[in-house]
Amino acid sequence: MSTDTPPQPAWTLAIEGMTCASCVGRVERALRAVPGVVSAEVNLATEAATVHAPGANVLPALIDAVQRAGYEARARADAGQAASTGASTGVSTAAPGRSLPEWWAAALSAVLTLPLVLPMMLLPLGIEWQLPGAWQLALATPVQFWLGARFYRGGWKALRAGAGNMDLLVALGTSAGYGLSVWLLAEHAGHGMTHHTYFEASATVITLVLLGKWLEARAKRQTMAAIHALNALRPEFARVRGPAGDIEVPLAQVRRGDRVVVRPGERLPVDGRVEEGLSEVDESLVTGESLPVAKQPGDAVTGGSINGMGLLLVHTTAVGAESTLARIVRLVESAQARKAPIQRLVDRVSEVFVPVVLGIALVTLLGWGLGTGHWEQAILNAVAVLVIACPCALGLATPAALMAGTGVAAQSGILIKDAQALEVAHRVGTVVFDKTGTLTEGRPRLLAAEAVDSKRHALLAAGAALQAGSEHPLARAVLAAAADEPVAPAAATSVRAVAGRGVAGRLGTRELHLGSARYMNELGVDLGAWRRRAERHEAEGRTVSWLAELAAGRPQLRGLFAFGDTPKATAVAAIDALRRAGVRTAMVTGDNRGSAAAVGRALQLDHIEAEVLPEGKAAIVAALRRDGATTVAMVGDGINDAPALAAADVGIAMGTGTDVAMHAAGITLMRADPTLVAAAIDISRRTYAKIRQNLFWAFAYNVVGIPLAAFGLLNPMLAGAAMAFSSVSVIANALLLRRWRPASSRAVAVAGRGGGPVQVGTAAA
């Protein structure tokens, strides 16, 4: 079994102090500049750097390079540790008490800022009221220098690295507004009246940006939740058989070659092969097979899957980092390292914007001072440039639209947990679906019951009698079909499960056996021409079970049952909605080719891949992104879909699926309705349009306002008002998204092709 060991030794560093994508770029550049470093990748979500370097003593140089770039670094044992220890992603300030919730800084800042902005809110109502200047100073100072300390630290780091970022913009703009306010307060202190200040402008900027940083921290934590959920599948202990008997030991002490005992209902702690025992194992973790898989000596089993009713003795072949589960964890972790494109754009703009604004302010100061000799006016004009350039609207452009878009989406059953997903989904050109539980119902139904003597009701009654009380998915399908007919089964006696084969029992004086073709062969049942009927069912992906009776000591075939899955009622309409939106559709499933082809024909999908393992699903998604030069969304609901969900540009999970799938995906559909996929793409497109509009207005205010301020046509008071109005306009534009509503499933179904339900093979993905 291959591992993911890189060709050069890998060092993993925990990085502290990163706030944006530009920070990631600076850390990567610093690490790559260290002699001997082959490659360096920084993951903002886990705040970790993975460096490939052949030198044995390169670690001190790596840490020193990060520190010189303005950040803190320390060695970490392994790449997966971020998930278990939890990297710091909060918006903590210099305030004491790390046990406080992460939202406290934004909440406290809002409480202190509200009295400052209240006069502006009352002014349109004809109420002129203003806090005394000393009170404004007392409220604004802790917001500026205590709660806003993180912006000064971030801005200082950017300056040390010779770059600019949003922290530097916030620090400069709010400091200008705060400093001007203090100067005006001191200048008019003896006049017996409160002069207009700009405390409310600087405090509001800090409050709103802190709110955006808190939302960003929440997104980081949620990306790690997928790895937590995957690690939870691994048992902590294993029962190892030795000369002294069975001994329970910590999983970390299990080695390759150990013989592990797995009792009924337990999770398998290791990858291995069955030495002794017969059972059925739920392997949905790896193959997505919705039905338990029969296991006998020699068969491979996977750690994390659930044992059925039999006792198994497993020879260990892989543990720890070599296990299939560990490889899935690594796939999810590495795929979550991407950065939001819009944030990268804003950071790149900020790096240019900051020095340009500083240069304009300096030219304004010198031009007015040297040209007119009125240095007081020169200072006011220079401060006006800095005030109107304060990036309130620029900082709000993205988070305001994201908040409005995610809020209205949640009301419609679309939970967007990752801002990157909402930003990226507008470009989706291909949607890749899992099959079972996503496009299909995810549970087997009895699609055919064919009796040798044409007495279908009697065949169904016998099958239901043997399966009464069983929790096996196929048994439930038979009992459900019997209840729908309705068929009243008689009570069977001496019922016993035959592990990995089927079930046997007596119905009156008749001895009946129900199970797989292998079970029939072992009993010596002659299937004859009925094999061709079974092959036709299996070609459509259906699962076939046989019923036989021992009469006069000779086994005789009584009939067959064919089980399969059915597409969801809204699946056809969902594919139609995506096609009308110009989106291609594909399906990648671990199920057999017959079942996958039947679903593909029924839904008219553009592309189908069948019998694919989790690693293969992620690879196919990556290939579609690379070869098709398109943005790819993955829709799934199972544990086995987690790597593909994380590898896609956008992961969309069904809320009725597993926790791992929902954690790995940026978008979760709270209803198991595939039409919500098109709705999620639609709200993303509308939200991204609002982001672009907001960025346009944010820059437009600066393009128009900065020259006016530089030429003395805009005093600081008007500059502050213009800055506030720019923020209001950005928020108001974002709130227009609240009017969005998705097309209902009923409306979409009417627009679709319609038609009755299509019966396809048993689900496996």
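In this predicted model, strand 15 and strand 24 (residues 631–636) run parallel to each other and are joined by five bridges. One of the pairings between these two strands can be followed at the level of single residues, since F433 has V635 in strand 24 as its bridge partner. Strand 15 is also paired with strand 22 (residues 584–588), again in the parallel sense, and four bridges connect the two. Here V431 is matched with T585, its bridge partner in strand 22. Strand 15 itself covers residues 428–433, and six of its six residues are buried, so the strand is largely enclosed by the rest of the structure.

A second region of interest is formed by helices. Helix 5 (residues 133–147) packs against helix 6 (residues 149–160) at an angle of about 40°, and the axes of the two helices lie 4 Å apart. Because angles under 35 degrees would count as roughly parallel, whereas those from 65 to 115 would count as roughly perpendicular, helix 5 and helix 6 are described as oblique to each other. The contact is made by Q144, F145, W146 and L147 on the side of helix 5, and by A149, R150 and Y152 on the side of helix 6. When the residues of this contact are sorted by class, five are nonpolar, one is polar and one is charged.

Aromatic side chains were then examined across the whole structure, and the search found five aromatic pairs. One of them is formed by F145 and Y152, whose rings are stacked, with a distance of 5.9 Å from centre to centre and an angle of 20° between the planes. Both of these residues also belong to the contact between helix 5 and helix 6. F145 has a relative accessibility of 45% and therefore counts as partly exposed, and Y152, at 27%, likewise counts as partly exposed. F145 forms a further pair with Y178, and because the ring centres are 5.0 Å apart while the planes stand at 90°, this pair is edge-to-face. The pair of F145 and Y178 links distant parts of the chain, as F145 is located in helix 5 and Y178 in helix 7 (residues 166–187), with their positions 33 residues apart. Y178 has a relative accessibility of 10%, which is under 20%, and so counts as buried. Taken together with F199, the residues F145, Y152 and Y178 form one aromatic cluster.

Two individual residues complete the description. I667 is found in strand 26 (residues 667–669) and is buried, with a relative accessible area of 1%. Although I667 and Q420 are 247 residues apart along the chain, their C-alpha atoms are separated by 10.0 Å. When residues up to four places away in sequence are not counted, I667 touches I414, L415, I416, A421, V650, G651, I652, A653 and A680. T687, in turn, lies in helix 23 (residues 675–710), and its relative accessibility of 1% means that T687 counts as buried. With its neighbours within four places in sequence left aside, T687 is in contact with A401, L402, G405, L422 and L737.

Note on methods. Residues numbered from 1 in each chain as written. Predicted model: local features only at pLDDT ≥ 70, side-chain atom pairs only at ≥ 80, totals over all residues. Heavy atoms only, no water. Buried < 20%, exposed > 50% of the residue type's maximum accessible area, 1.4 Å probe, protein only. Pairing = 2+ DSSP bridges. Axes fitted to C-alpha atoms, helices over the stretch in contact; angles between N-to-C directions. Parallel < 35°, antiparallel > 145°, perpendicular 65-115°, else oblique. Contact = heavy atoms within 4.5 Å. Nonpolar A, V, L, I, M, F, W, Y, C, P; charged D, E, K, R; others polar. Phe/Tyr/Trp six-rings, centres within 6.5 Å; stacked < 30°, edge-to-face > 60°.
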